[in-house]
Amino acid sequence: MGDWNNAMERIAAEGKVCLLLGAPDTGKSTFALELANFCLKKIKNVAVVDADIGQSDIGPPGVIGMGFLKGKLADLGEIELEKGYFVGSNSPEGLEIACVSGTFKMVQEALKLGAQKVIVDPTGAVFGRNARILKYCKVDMLKPDSLVVLQNRREIEHLVQPVSRRQECKIFRLPVPAQVRRKGREERRELRRQSFHKYFQEAKEIELNWEQLVTSRTYFRTGRLVAEETKNKIASSLDCALLHAERIPEGLFAIIRGGFNRAGVPLLKEEGIKRLIIGREEQFLGLLVGFLDGEGDYLGCGIIQRTDFFANRSKVLVPGDVLKNAKEVAMGSLRIRKDGEEIGRVKSHQLEKIHETFAGDDGTQ
Ligand SMILES: Nc1ncnc2c1ncn2[C@@H]1O[C@H](COP(=O)(O)OP(=O)(O)O)[C@@H](O)[C@H]1O
Ligand SMILES: [Mg+2]
């Protein structure tokens, strides 16, 4: 702990933003807790940004949370959520832009609210091309005054290298404490389950009218709904149960139940449709969504239950009065049950998968 104390002294003494870096189970959150308590002895306004959307302490998983210390903490989970940013997955994979934007936004919010120190506790995604880009962009955007690097040997030097020449950023390389306990995949999943369960424990099923809210991070409800007659023609060409169809600049976005006949896809050309993007009804079931107000600020999460696409309504599980001031629904990619059990994931951070492109395609992907 000698190394840790020395670093904490120096970090507490200068600069506002402190970013931690380290692989999973390297003591990042433990250090964040120690540092936050340490800073509070010297500084009044200490904030923590919990950017670990997988193992969340502030707010539910899938949400980047920020809050202030009100007193000495025994656990980061005691921090009350002041502001949040909905990402909608337990992993940054495919959502790197949202992770960087969200972390940046939360740091800015903390500073705006008078934080004298902001400690950023991230995910342990440090290997691979996307993780490298994510961490690089995060450092670039946050411009931390101090960067705490927790590593066993030199396994994350690749992340430190680009920053090492930046004079305004002090780097603290610290060893992983010997007492660190490694968590397995299943344990992480169980911790997430409990965290979701706690969040949705008192949730009520409420009817959501899609016409009253705008959607984001999806194709769904971003185009022009197709008239009934055309919809029938499309359904008959594709020989499918067509629940929803709308024209979007990319082509036709359709939600179906069950299968469809691929041979019928070229027939859609007659309707002036150049590309078909198919979403499946089941992708909505259990989907984690975020509710945002008119400023785009996070209000809370919900879980989509049954959807009646004909009536443009879904039953949604939401805690408290999250829907009251909601103006926007941000679609996540994780699908969960009310008890927090993960039941699937909608890949590529969008609900939909491009199944068919065909002649007349303008070549864009
Ligand atoms: N200095 C320490 N003393 C005792 N236990 C520790 C210490 N540092 C970490 N741990 C334990 O090791 C586990 C992983 O640490 P954590 O801080 O959550 O890592 P990370 O945030 O990097 O994933 C946790 O269960 C934590 O309680
Ligand atoms: Mg952690």
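Q: Hi! Before we look at the ligand, what is a polar contact?
A: A polar contact is a pair of N or O atoms within 3.5 Å. Keep in mind that this is a predicted model.

Q: Okay, how far is an oxygen atom of ligand 1 from a polar backbone atom of T26?
A: That distance is 3.0 Å. Since the cut-off is 3.5 Å, the pair fits the definition of a polar contact.

Q: And what about D25 and R181, how far are their polar backbone atoms from an oxygen atom of ligand 1?
A: For D25 the distance is 3.0 Å, and for R181 it is 2.9 Å.

Q: How much of ligand 1 does the protein bury?
A: The protein buries 76% of the 550 Å² that ligand 1 exposes when taken alone.

Q: Which residues surround it, then?
A: Ligand 1 has A23, D25, T26, G27, K28, S29 and T30 around it, along with P177, Q179, V180, R181 and K183.

Q: How many of that shell are nonpolar, polar or charged?
A: The shell has 3 nonpolar, 5 polar and 4 charged residues.

Q: Changing topic: which domains does the protein have?
A: The domain assignment gives domain 1, covering 2-182, and domain 2, covering 202-365. Their C-alpha centres are 34 Å apart.

Q: How many residues are in contact between the two?
A: On the domain 1 side there are 18 residues, in contact with 16 residues of domain 2. Together the domains bury about 1200 Å², with 52% of that on carbon and sulfur atoms.

Q: Which three residues supply the most on the domain 1 side?
A: F86, G88 and N90 do, supplying 44% of the area that domain 1 buries against domain 2.

Q: How many salt bridges and polar contact pairs cross that interface?
A: There is 1 salt bridge, and 8 residue pairs are in polar contact.

Q: Where do K83 and D297 meet?
A: Their side chains meet in a salt bridge, at 3.7 Å from N to O.

Methods. Residues numbered from 1 in each chain as written. Chains lettered and ligands numbered in written order. Predicted model: local features only at pLDDT ≥ 70, side-chain atom pairs only at ≥ 80, totals over all residues. Heavy atoms only, no water. Near = heavy atom within 4 Å. Polar contact = N/O pair within 3.5 Å; in protein donor to acceptor, adjacent residues only side chain to side chain. Areas by Shrake-Rupley, 256 points an atom, 1.4 Å probe, with all protein chains shown as cover. Nonpolar A, V, L, I, M, F, W, Y, C, P; charged D, E, K, R; others polar. Domains from an automatic or database assignment. Contact = heavy atoms within 4.5 Å. Buried area = accessible area lost by both parts, 1.4 Å probe. Salt bridge = Lys/Arg side-chain N within 4 Å of Asp/Glu carboxyl O.
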